[in-house]
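User: Could you walk me through this model with a few questions and answers? I would like to see the reasoning as we go.

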Amino acid sequence: MGCQYYAPASDCEAGCANTFTVAIPKITFGRGTLTECGARAQRLGLKQVAIFTDSFLATHHIIDTVCQSLAKVGISYSLFSDIRIEPSDVTVADGAKFLNSGNFDGVISVGGGSVIDTAKAAMVVSRYQDPVGAYFAPPIGGGKAVPGPVLPHIACPTTSGTGSESTSISVIRVMEYDTKYVFASPWILPDEAIVDPACCDSLPSNVVASTGFDLLCHALECYTARAYTKHAGVTNINQRQLIQGANPWSDMSAREALRLASDYLVRGVRDATDHEARDQLSWAATLAGCAFGNSGTHLPHAMSYGVTHLMSDITTEGYDTPSPFVPHGISVAVSAPAIFEYTAEATPERHLEAAGFLNADQQGATLDDAGEVLATRIVQLMKDCNLPNGLSGVGFTQNDIKALAASSIQQKRAILNAPRESNIDDLESMYSNALQYWT
Ligand SMILES: [Fe+2]
């Protein structure tokens, strides 16, 4: 079944891809591994490091650990901590200015996806001087390719969801349009990832739930994405998109991430002292990053951008962020069950397999039931993790459906990575079905 999924499409065999690339950083995983930061930076030849973090972590023992490990091997450092959740092009410009103000030969980012994504983008802006908007796809940006390498980068995640430490992707809010865009380039893949799950011990339950659904959706979207053999082939390596579709590498990582999320997500959300669960969620997030960084996500992430663009008067418990704010993982999860019910029609085997990795009840299920089986399991996990009840749970009504679809339809690359084609009417229909899942 797995091999058949990658058979070249009969209707476009001549032009479709028969090759995929796998790119991941060197990964070190385990409790206490943050103490290796200094030795690893030393091995990269670094002498003066910029540490990117957020204002909360700047005074936290996590940063103390990193600083002490650098001092131990004689590496000097300076902190840039002016990074808030959902970083913008303005934050990136500030980060680049900071990098230009010192004689830094490397960057260590310590934080969630917002911090790591800011570091990636700021290094490009600092080295090549164009604003980050130059690299977004038109019509929002200039569609420019990053010209070449940036500073060595060690990424240290402190949440278990984003997977940004494993990807060549940075998501940045563009203030002029008040919405988020994806900036992708092979040059922004971190050189090393140091994943210390102890960083997640003090995360509030709601944060673990949101980031956990982010990783769950990364893995589900990878596994159900359009196969790489159904994307256009390239003759020049620089033209191969990072969103290259499902492939055997992404499948392998996504499959394991789904199994781990199914076994440990609810435990990790309910009990902060359950180190086994939180460790496994950290590993699952890194694996899911290794997966989607090499396949791309699809409709759940594409349609999350409309949610964050149009949210109003909402905050989420556990986040020190003013209204309106819906955490990324929740913005993705609220529409996911309705979306997978829609996409299952195109590749029911894949959807049923993914449901199986999530331990869904498949008794008597046929391929026709694939979407429903998967959606039911996701909804069950949402309830168990106390997630909002669909779009209505984050303040949207039927009156918002057209605007949500109009906003998200701009995410063309991710939409084209879905196994089933969709137009704006289809997006409206999926959003309508996502308003409420239980009574
Ligand atoms: Fe995500």
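Happy to help: the turns below go from the domains to a helix pair and then to a single residue.

User: Which helix supplies the largest share of the side of domain 1 that touches domain 2?
Analyst: Keep in mind that this is a predicted model. The protein is divided into domain 1 (2-21 + 203-433) and domain 2 (32-195), with 25 Å between their centres, taken over C-alpha atoms. Their contact takes 25 residues from domain 1 and 18 residues from domain 2. On the domain 1 side, helix 6, helix 8 and helix 9 each supply at least two residues, and the largest share, nine residues, comes from helix 8.

User: How are helix 9 and helix 14 oriented to each other?
Analyst: Helix 9 (residues 299-310) and helix 14 (residues 401-408) pack with their axes 8 Å apart, at an angle of about 120 degrees. Angles of 65 to 115 degrees would count as roughly perpendicular, and those over 145 as roughly antiparallel. The angle here fits neither class, so the two helices are oblique.

User: Is Gly371 buried or exposed?
Analyst: Gly371 lies in helix 13 (residues 370-384). Beyond residues up to four places away in sequence, Gly371 touches Phe340, Glu341, Ala344, Glu345 and His351. A residue needs 20 or more other C-beta atoms within 10 Å to count as buried. Gly371 has 23 such neighbours, so the class is buried.

Conventions:
Residues numbered from 1 in each chain as written. Predicted model: local features only at pLDDT ≥ 70, side-chain atom pairs only at ≥ 80, totals over all residues. Helix = DSSP H or I, 4+ residues; strand = E, 2+ residues; numbered from the N terminus. Buried ≥ 20, exposed ≤ 12 C-beta atoms within 10 Å, placed from the backbone. Contact = placed C-beta atoms within 7 Å. Axes fitted to C-alpha atoms, helices over the stretch in contact; angles between N-to-C directions. Parallel < 35°, antiparallel > 145°, perpendicular 65-115°, else oblique. Domains from an automatic or database assignment.
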